[in-house]
Amino acid sequence: MRRWPRSWLAGAALAGALPTALAADPGHEGADAASFRFDPPEVGSYELPAIDRVSDHVLLASDGQPEPLLDLRPGEAALVSFVYLSCSEECPLSTATLHQLDRTLARDGELARRVKLVTVSFDPTRDTPARMADLAKGLAPKGRWQFLTAESSAALAPVLADFGQDALWIPGEAERPGRLRHVLKVFLVDAQRDVRNVYSTGLLDERLVMNDLRTVLGAPR
Amino acid sequence: MIRSILFAFAALVAVPALADETCQSPYLARLEGQEDYVYVWTLGVEGWGDGSDKLVTIGANPARENYGKVVDSVSVGGRHEAHHGGFTDDRRQLWLGGLDTSMIFIFDVATDPGHPKLVKKIEDFPKATGGVVGPHGFYALPGRMLISALSNATDHGGKTALVEYSNEGKFIRTIWMPDDAPYGYDARVNAGLNRMLTSSFTGHKNYMRKLPELMGDAAAMKNFGDTVVVWDFHARKPLQTLKVPVAPLEIRWAWAPSHEYAFIEAALTGELWGVFRKSDGTFEAVKVADIGPRDAQPLLAVDISISANDKYLFVDTFMDGKVRVFDITNPRKPTVIYERVIGKQVNMVSQTWDGKRVYFTSSLLANWDGTGHEDEQFLRAFGWDGKQLTAKFEVDFRKAKLGRPHHMQFGQEGFWASRATPDQFGVAQR
């Protein structure tokens, strides 16, 4: 049975990086029950052909400096996740899974050096570099995990289009803040910038992603 | 509003399973609530209008003036044996296939849901895929489409493949069906189990023949599949081949995570089969019910639709134009609780996520539909209260000179319509 890292949820909320309500959102209790009742196929026993090729893009790091989204060297791969900090729907699942991956990767130093996790905000207006820094602090990454935002929504739009990541801004109402409608997607990108897999809610299994990373990266270098 | 686009799988685990929408990919953004439109992929008929295949949009919201009316009709030019279609995972595009020409038509249904726009055609499917013919099922996977085909370019027989394209329409790969189960039809994934089931039909040289002629050709009738393949979905590797009666067509996995089974109708023998996961993780195929009386003439069980609460299974039989509703609470012993003649012939059935509305269309294949008086062509809408169907509206596709209506999908105004202000980004454009 797969479990949510509740300590992360609470920790992130306490760090002010996420609304406190997130930790208590009953919708996430449901996600808590999500289980993948299978053993992932063995590393290297299957193929992950390129789905698409993306470009690199310069965004803003959590220190406010320009930062390439990918900047991968040969033999490396990245997992790119688009979220926004006030999201109370799918984003926490994505971030929680990356958090699990960060911890798992940390136990394999060689692999950890070759994999980069990237969390990109959909919501540059509210998710400033400072807020992304707070998120990073709350999550306390053990490996390479970047938290990026953009100068503006206009600056981010070409990135979303390139990745095929849809997003629609739903303006706030009287007592409800604005939010984004989006399909949760995490992208596995190799050093050639080929997208080798796309994970959504029904596929975002940390064990599966780890095996995919090992399959894509092949033997230790 | 955002609840209405929760992922199918997320909602599956977040709420107790509720209720063609109920037969979609678990990776598809799901439409809940009242649908505004039914999109109908329609075969062109010579002398009916422009005679071309077309995507017909029907108003389906009783609160709107266009309820029960044809809102739009977009001709794709030519007749391609329009058959099935499916949305991309984000529900922005509707992909529609032609079984005869192997052409694929991609519509944007997000920008203006009431007026889908043809934005792309894939015209080199056989060449790009290494000889696959007859794109049949269109199944959303994250970032890509899984297409289950029916035939091949070498002999137009039943050996065929699964094909993947990116959402942008770029060919990714072809996975040929295994040698001991070469036929194809449907492909459906159980995400929690990492298992995919595929079913089997027949090749181009059979499905493009006139039905009475085909049924009288004993040799040709041997060229139908009788297998269901269990796959490791992630690895796309076949694990098991299950023997079933001839022409197992539509596959419907139950929704509840603990319900580790799927239903399949054996079209030519009129039987309902279940595929059950066993305690050792392998699967078994078991006959669970007869569909209607075992007459000499096959009823042709053509489409099935499972309710989201795993309680009802709607089963259409083409030859008698009936729908039978099975109570599938006990999946190993389904029982008929209701039946009704929908028309002189009936093929597809689609129900809404809440199970309250059910739609039927009449056409099977251009050369398999009835002739003369028997060749009714319609979309008929009903309400379902758990006990009976109540007629709501119908569109006479013959009278409207539209063609032969086949596969249905649901659309909703505002699903992706942007209400963004200028300083907020709207929909990403590819």
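**Two chains of a predicted model: helices of chain A, strands of chain B**

Let me begin at the end of a helix: immediately after helix 8 of chain A, A:Gly218 adopts a positive phi of about 70°. Please keep in mind throughout that this is a predicted model.

Helix 8 itself covers residues 206-217 of chain A. At 1.5 Å a residue, its 12 residues should span 16 Å, and the end C-alpha atoms are indeed 16 Å apart, so expectation and model agree. How many residues of this helix are buried? The number is 10 of the 12, so helix 8 is largely enclosed by the rest of the structure. The buried residues are A:Glu206, A:Leu208, A:Val209, A:Met210, A:Asn211, A:Asp212, A:Leu213, A:Thr215, A:Val216 and A:Leu217. Their cover includes two helices, helix 4 (91-106) and helix 5 (109-114) of chain A. It also includes strand 4 (77-83), strand 5 (115-121), strand 9 (186-190) and strand 10 (194-199) of chain A.

I turn next to helix 7 of chain A, residues 153-163. Its buried residues are A:Ser153, A:Leu156, A:Val159, A:Leu160, A:Ala161, A:Asp162 and A:Phe163. As a reminder, an α-helix has 3.6 residues a turn, so residues three or four places apart point the same way. What covers the buried residues of helix 7 of chain A? The cover includes strand 1 (52-53), strand 2 (58-60), strand 4, strand 5, strand 7 (167-170) and strand 9 of chain A. Strands 4, 5 and 9 of chain A are thus among the cover of helix 7, and they are also among the cover of helix 8. Just beyond helix 7 of chain A comes A:Gly164, with a positive phi of about 70°.

Positive phi values in chain A also occur in residues other than glycine, and I would draw attention to A:Asp71 and A:Arg193. For A:Asp71, phi is near 50°. The residue sits in the loop that connects strand 3 (66-68) and strand 4 of chain A. Its relative accessibility is 48%, so A:Asp71 counts as partly exposed. A:Arg193 has a positive phi of about 65° and belongs to the loop between strand 9 and strand 10 of chain A. With a relative accessible area of 33%, A:Arg193 is likewise partly exposed.

For chain A as a whole, the secondary structure consists of 8 helices and 10 strands. Of its 221 residues, 61% count as buried. Among contacts between residues at least 6 apart in sequence, 74% join residues at least 24 apart. The accessible surface of chain A is about 8300 Å², with 51% belonging to carbon and sulfur atoms.

Now to chain B, which has 5 helices and 28 strands. With 430 residues, a compact globule would have a radius of gyration near 22 Å; the value for chain B is 20 Å, which agrees. Its C-alpha trace spans about 60 × 50 × 50 Å along the principal axes. In chain B, 65% of the residues count as buried, and the accessible surface is about 14500 Å², 51% of it from carbon and sulfur atoms.

Within this chain I would single out strand 10, residues 161-166. Is strand 10 of chain B largely enclosed or largely open? Buried residues make up 6 of its 6, so the strand is largely enclosed by the rest of the structure. B:Ala161, B:Val163 and B:Tyr165 point one way, while B:Leu162, B:Glu164 and B:Ser166 point the other way, and all are buried.

Strand 10 of chain B has antiparallel partners in strand 9 (residues 144-152), through 5 bridges, and in strand 11 (residues 171-176), also over 5 bridges. In the pairing with strand 9, B:Tyr165 is the bridge partner of B:Met145. Towards strand 11 of chain B, B:Leu162 stands opposite B:Ile175. Strands 10 and 11 form a hairpin with 4 residues between the strands, where B:Gly169 takes a positive phi near 90°.

My final item is an open sheet of 4 strands in chain B, in the order 20-21-22-23, with antiparallel pairing. Its edge strands are strand 20 (301-306) and strand 23 (335-341), each of which pairs on one side only. Neighbouring strands of this sheet are turned against each other by 20° on average, direction ignored. Strand 20 and strand 21 (residues 312-317) of chain B are joined by 5 bridges, and B:Ala301 stands opposite B:Thr317.

Key:
Residues are numbered from 1 along each chain as its sequence is written. Chains are lettered from A and ligands numbered from 1 in the order in which they are written. This is a predicted model: local features need pLDDT of at least 70, side-chain atom pairs count only at pLDDT 80 or more; totals for chains, interfaces and linings use all residues. Side-chain values use heavy atoms; hydrogens and water are left out. The expected span of a helix is 1.5 Å times one less than its number of residues. Buried means under 20% relative accessible area, exposed over 50%, partly exposed in between (1.4 Å probe, protein chains only). Contact means heavy atoms within 4.5 Å. Two strands pair if DSSP finds at least two bridges between them. The radius of gyration is taken over C-alpha atoms; the globule rule is 2.2 Å times the number of residues to the power 0.38. Accessible areas come from the Shrake-Rupley method with a 1.4 Å probe; for residues, only the protein chains shown count as cover. Axes are lines fitted to C-alpha atoms, for helices over the stretch in contact, and angles run from 0 to 180 degrees between N-to-C directions.
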